[in-house]
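Let's take a friendly walk through this model together. Have the sequence and the 3D view at hand as you read.

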Amino acid sequence: MPEHEDSHAYSRIEARRGAAQRRRDRIVAEIERNRRGEYWLPTWALVAILLAIVLGWAAVIIFT
């Protein structure tokens with residue numbers, strides 16, 4: 001075994017798996033918070049923002 005290798009060092013594959021697992025854990029935690037009603041922006045507000053963006057683009061396309 002070469003001297004520069006550490007038995008505690010992660011390989012690239014292990015690091016990638018760790019990052020994927022942390023991302024999965026964050027997504028699951030966010031879904032659980034949303035199911036409990038702890039979201040920071042109500043759904044109707046998201047719909048209103050999306051509608052405003054779409055109508056704004058439509059106005060730009062139509063009136064230019």
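Which side chains meet in a salt bridge?

## The salt bridge

This is a predicted model, and in it the side chains of Arg-36 and Glu-38 form a salt bridge, with 3.0 Å from N to O. A search of the whole structure turns up one salt bridge.

How accessible are the two partners? Arg-36 has a relative accessibility of 52%, so it counts as exposed, the cut-off being over 50%. Glu-38 has a relative accessible area of 47% and is therefore partly exposed.

## The overall fold

If you trace the chain, you will find two helices and zero strands. Helix H2 covers residues 43–62.

Very little of this chain is hidden away in terms of the burial count: of its 64 residues, 2% count as buried. The accessible surface of the chain comes to about 6500 Å², and carbon and sulfur atoms account for 62% of that area.

## A nonpolar patch on the surface

Now turn to the nonpolar side chains. Ile-49, Ile-53, Trp-57, Val-60 and Ile-61 form a nonpolar patch on the surface. Together, these residues have about 540 Å² of accessible area.

Ile-61 is a good one to pick out in your viewer. This residue sits in helix H2, and its relative accessible area is 60%, so Ile-61 is exposed. A residue needs over 30% relative accessible area to join a patch, and Ile-61, at 60%, is one of the patch members.

Methods
Residues are numbered from 1 along each chain as its sequence is written. This is a predicted model: local features need pLDDT of at least 70, side-chain atom pairs count only at pLDDT 80 or more; totals for chains, interfaces and linings use all residues. Side-chain values use heavy atoms; hydrogens and water are left out. Patches are made of residues with over 30% relative accessible area and no salt bridge: like charges are joined within 9 Å, nonpolar side chains (Val, Leu, Ile, Met, Phe, Trp, Tyr) within 5 Å. Accessible areas come from the Shrake-Rupley method with a 1.4 Å probe; for residues, only the protein chains shown count as cover. A salt bridge is a side-chain nitrogen of Lys or Arg within 4 Å of a carboxyl oxygen of Asp or Glu. Helices (H or I, at least four residues) and strands (E, at least two) are DSSP runs, numbered from the N terminus. Buried means under 20% relative accessible area, exposed over 50%, partly exposed in between (1.4 Å probe, protein chains only).
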